[in-house]
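Student: I would like to learn how to read the features of a two-chain model, beginning with a single side chain and ending with the contact between the chains. Where should we start?

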Amino acid sequence: MQETRQQFYELADSLLRESGLLANRPTWINLRQLIHDASSESLQADCDTLTHTLLLALLSTSEKSAERTGKLGSVIESACRSPLEESFIELLKQLSSDDLTTTLLPQIYCSDKRGSIAVYLAARVGIFIDPEAFQYFLTARPWEQTDLINLAFLVRPAEQLKVSTILEQAAANEGSAINRESFTEFRHILFGQLPQKPLLPDTATIAAPYVYQPPQNKESLNLPALEDQNAVLELQTEDEKSEYKDRSPISAARTKTTPIGNTRKPATESGLSSLLKLIETHQAALFALFLITTIFLMATGISKWFLSDSETRGKPPANAGKLPTYWTDSATREKITERYLAADKDYRMGELYLTRDRYSEALILFEDALNIRPDHTQALYRIGYCRLHIKDYAGAKTALEKALSLDPKFRHANLMLARAAAAQSDNKTAENHFNRELELAKDPSVAEEYANFLHNTGKKTRLKNLSPDIRHFIRIVLSFSAASLRNQKKRSSANEKIRPVAARNRHIHKHCRGNLHSGNEHVLDYRPGCFQNPQFQLCQQCGAPDFTTSDGHAL
Amino acid sequence: MAMPFEDIVEVPPPGIALYDAPAGTFFGPFINTSGSSSGEKFITQGNMPEFYSYLAQHDFRYSLSVSNVSFGDGDEIKSVGILVSWIENNKNMMYRLYVYVPSL
């Protein structure tokens with residue numbers, strides 16, 4: 001058995017040195033014969049390298065068989081976890097594209113080092129993949145710059161534009177910002193200058209070429225003689241030699257000092273070399289990153305935030321729980337002091353008395369509020385309101401005018417002034433205040449009150465002199481009032497069994513020729529658009545304030 | 001949140017902190033998912049660390065301004081001003097909300 005193994009390794013090394021397709025190489029037949037005669041499982045059980053394991057899998061299985069796919073998949077997966085062997089990559093190149101597609105490409109989806117190594121191997125082997133497949137690879141996992149460069153080797157040169165277009169469309173529909181960034185970066189790489197050959201991922205290492213040692217010398221395998229090293233160097237492929245030549249002095253020095261034949265390196269040395277390599281390969285990107293970060297920190301003062309705010313985050317501020325000089329109202333931006341709050345309290349207590357129409361008590365509290373805060377417009381308004389109700393018209397007028405002097409747009413102060421003026425029979429002043437109030441806001445209740453005021457003071461014709469928009473607004477309000485009244489009357493009519501319409505004393509409206517009723521109820525039946533209000537009679541259709549019936553009755 | 005009419009009393013500024021609120025105040029406990037006191041949760045660093053940090057960082061507090069008038073025969077009204085204050089960008093801010101609470 002030992003002899004068979006030795007023979008296998010010797011023949012395998014010969015085969016790997018030969019050129020041409022595997023099946024056409026002279027040693028291929030001999031190896032196939034050897035595997036046929038011996039048990040492949042016993043050889044595979046203690047294969048020294050992945051290259052030999054891969055070769056054994058190829059020799060012991062038939063093309064396109066499931067067994068071959070399974071064995072190749074297993075070997076390639078192991079290869080993606082181990083230091084790479086140059087001879088293994090060379091052997092991979094001999095595999096059919098079908099075998100590589102089913103065994104190597106699925107490893108690219110892995111998010112750990114297997115994915116990085118798989119894409120590197122695929123690039124080294126020279127696989128090309130369909131343009132539509134790239135978006136799926138790019139969304140499968142996070143991508144390092146090195147991996148993206150290696151992935152770009154899998155794009156056929158003639159299909160670069162197509163891949164870019166597909167990725168541009170995919171980016172437009174992509175929800176994830178990370179994936180969009182991957183698409184964009186990959187497109188930039190595609191149209192940029194690609195390196196001459198794929199880049200070795202940071203997580204991968206190249207194993208020194210394997211030299212078969214007979215079992216009796218196995219102890220000396222870890223401490224190779226100088227002659228062995230020379231022999232190994234001679235076995236390096238042209239690609240590898242050029243790769244070493246292309247490297248910087250740092251990595252070249254590392255290569256020279258690495259003990260050849262011993263794949264195990266001290267962890268610190270490996271980490272340091274990886275770091276140096278990372279810095280070396282991303283020198284420009286790191287410098288740009290450093291520059292941008294510095295500018296950002298200087299511009300935003302975030303460094304200060306890091307130093308100070310991070311310490312206080314989650315802790316109450318120094319002045320927590322202390323009574324401030326003032327607060328800022330979050331809604332009105334007013335300055336709120338303790339006096340402000342005290343005045344507010346008196347004001348609200350006055351409002352409580354108003355709920356029970358206790359004007360005198362309320363007035364005292366509103367005046368208290370005003371003493372604390374002389375600019376309390378609400379308190380001034382309420383003082384005017386209370387004084388109006390206790391018939392102190394002069395006092396009401398003073399307070400309300402003061403409120404308006406502080407805030408000319410204060411609502412309802414003019415209405416109160418109009419009421420006070422009306423109560424003193426100063427109709428002209430009342431009209432002025434009604435008009436001012438309606439100019440401030442089109443309040444239906446104010447409009448109705450104004451209309452009633454004009455009606456009660458016999459100044460129906462004065463409506464014509466009003467500005468068109470106020471007149472129109474009053475008409476609308478009154479039409480709603482009339483409609484509401486009609487509905488109310490209809491309901492009451494239904495309940496009270498009213499006399500038939502024919503039996504009533506009916507008249508015809510001279511404007512719209514609609515039916516009128518001159519009993520206790522005023523109007524029941526009008527043509528659409530004509531309108532009468534029982535308190536203030538006005539035809540909506542013609543706008544005539546007088547409402548005389550065709551037979552001379554004035555309702 | 002329910003509270004007996006008599007218990008609505010003045011809480012002068014700067015008020016009571018919403019975080020680490022003492023038991024028996026509006027926010028102590030903050031939530032109770034069960035029917036018993038075992039499910040009570042206070043806004044503490046241990047119970048709700050992120051919420052606690054936010055409230056503490058801005059020193060969220062509440063105070064109550066209560067005006068009370070009694071009209072006799074048990075007819076009583078309280079006007080309650082709920083004043084929520086906090087510190088934002090080194091500025092003392094306040095949000096005010098007023099409600100009337102009748103006794104009947």
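Tutor: Let us start with Arg411(A), which counts as partly exposed at 36% relative accessibility. The model is predicted, and features of this kind are read only where the confidence allows.

Student: Which residue forms a salt bridge with Arg411(A)?

Tutor: The partner of Arg411(A) is Glu437(A), and the closest N and O atoms of the two are 3.8 Å apart. That distance lies within the 4 Å allowed between a side-chain nitrogen of Lys or Arg and a carboxyl oxygen of Asp or Glu, so the pair qualifies.

Student: Is Glu437(A) buried or exposed?

Tutor: Glu437(A) counts as buried, at 1% relative accessibility. The threshold for that label is under 20%, whereas Arg411(A), at 36%, is partly exposed.

Student: Why does the pair tie together parts that are apart in sequence?

Tutor: One should look at where each partner sits. Arg411(A) lies in the loop between α22 (393-406) and α23 (413-423) of chain A, while Glu437(A) belongs to helix α24 (residues 427-440), so the salt bridge joins parts 26 residues apart in sequence.

Student: What other salt bridge in chain A may serve as an example?

Tutor: Glu90(A) forms one with Lys93(A), with the closest N and O atoms 3.2 Å apart. Here Glu90(A) is partly exposed, with a relative accessible area of 26%, and Lys93(A) is also partly exposed, at 30%.

Student: Which residues are linked in a network of salt bridges?

Tutor: Such a network links Glu77(A), Arg81(A), Asp112(A) and Arg114(A). Over all chains, a search of the whole structure finds 25 salt bridges.

Student: How should one read burial along a helix?

Tutor: The general idea concerns the turn: an α-helix has 3.6 residues a turn, so residues three or four places apart point the same way. One then asks how many positions of a given helix are covered. In helix α4 (residues 50-60) of chain A, 10 of the 11 residues are buried, and the helix is mostly covered. Among the buried residues of α4(A) are Leu50(A), His52(A), Leu54(A), Ala57(A) and Leu58(A).

Student: How many helices and strands does chain A have?

Tutor: Chain A has 26 helices and 4 strands. Of its 555 residues, 41% count as buried. Its accessible surface comes to about 30200 Å², with 53% of that belonging to carbon and sulfur atoms. For contacts in chain A between residues at least 6 apart in sequence, 60% join residues at least 24 apart.

Student: In what order do the elements of chain B run?

Tutor: From the N terminus on, they run β-β-β-α-β-β-β, which amounts to 1 helix and 6 strands. Chain B has 104 residues, and buried residues make up 41% of them. Its accessible surface is about 5600 Å², with 56% on carbon and sulfur atoms. Among contacts in chain B with a separation of 6 or more, 43% are between residues 24 or more positions apart.

Student: How much area do chain A and chain B bury between them?

Tutor: The two chains bury about 2800 Å² between them, 57% of it on carbon and sulfur atoms. On the side of chain A, Trp327(A), Arg348(A) and Leu352(A) lose the most area to chain B, together 23% of what that side buries. The contact takes 31 residues from chain A and 33 residues from chain B.

Student: What polar features join the chains?

Tutor: Between chain A and chain B there are 5 salt bridges, and 13 residue pairs are in polar contact. The elements of chain A that give two or more residues to this side are β1 (327-329) and α19 (338-354). Helix α19(A) gives the most, with 9 residues. By class, the residues of this side divide into 13 nonpolar, 6 polar and 12 charged.

Student: Which residue of chain B forms a salt bridge with Lys345(A)?

Tutor: Glu10(B) does, the closest N and O atoms being 2.9 Å apart. Glu10(B) is partly exposed, with a relative accessible area of 35%, and Lys345(A) is likewise partly exposed, at 25%.

Conventions. Residues are numbered from 1 along each chain as its sequence is written. Chains are lettered from A and ligands numbered from 1 in the order in which they are written. This is a predicted model: local features need pLDDT of at least 70, side-chain atom pairs count only at pLDDT 80 or more; totals for chains, interfaces and linings use all residues. Side-chain values use heavy atoms; hydrogens and water are left out. Buried means under 20% relative accessible area, exposed over 50%, partly exposed in between (1.4 Å probe, protein chains only). Contact means heavy atoms within 4.5 Å. Accessible areas come from the Shrake-Rupley method with a 1.4 Å probe; for residues, only the protein chains shown count as cover. Buried area is the accessible area (1.4 Å probe) that two parts lose on being put together, summed over both. A polar contact is a pair of N or O atoms within 3.5 Å; within protein, one must be able to donate a hydrogen and the other to accept it, and residues adjacent in sequence count only if both atoms are side-chain atoms. Ala, Val, Leu, Ile, Met, Phe, Trp, Tyr, Cys and Pro count as nonpolar, Asp, Glu, Lys and Arg as charged, and the others, Gly among them, as polar.
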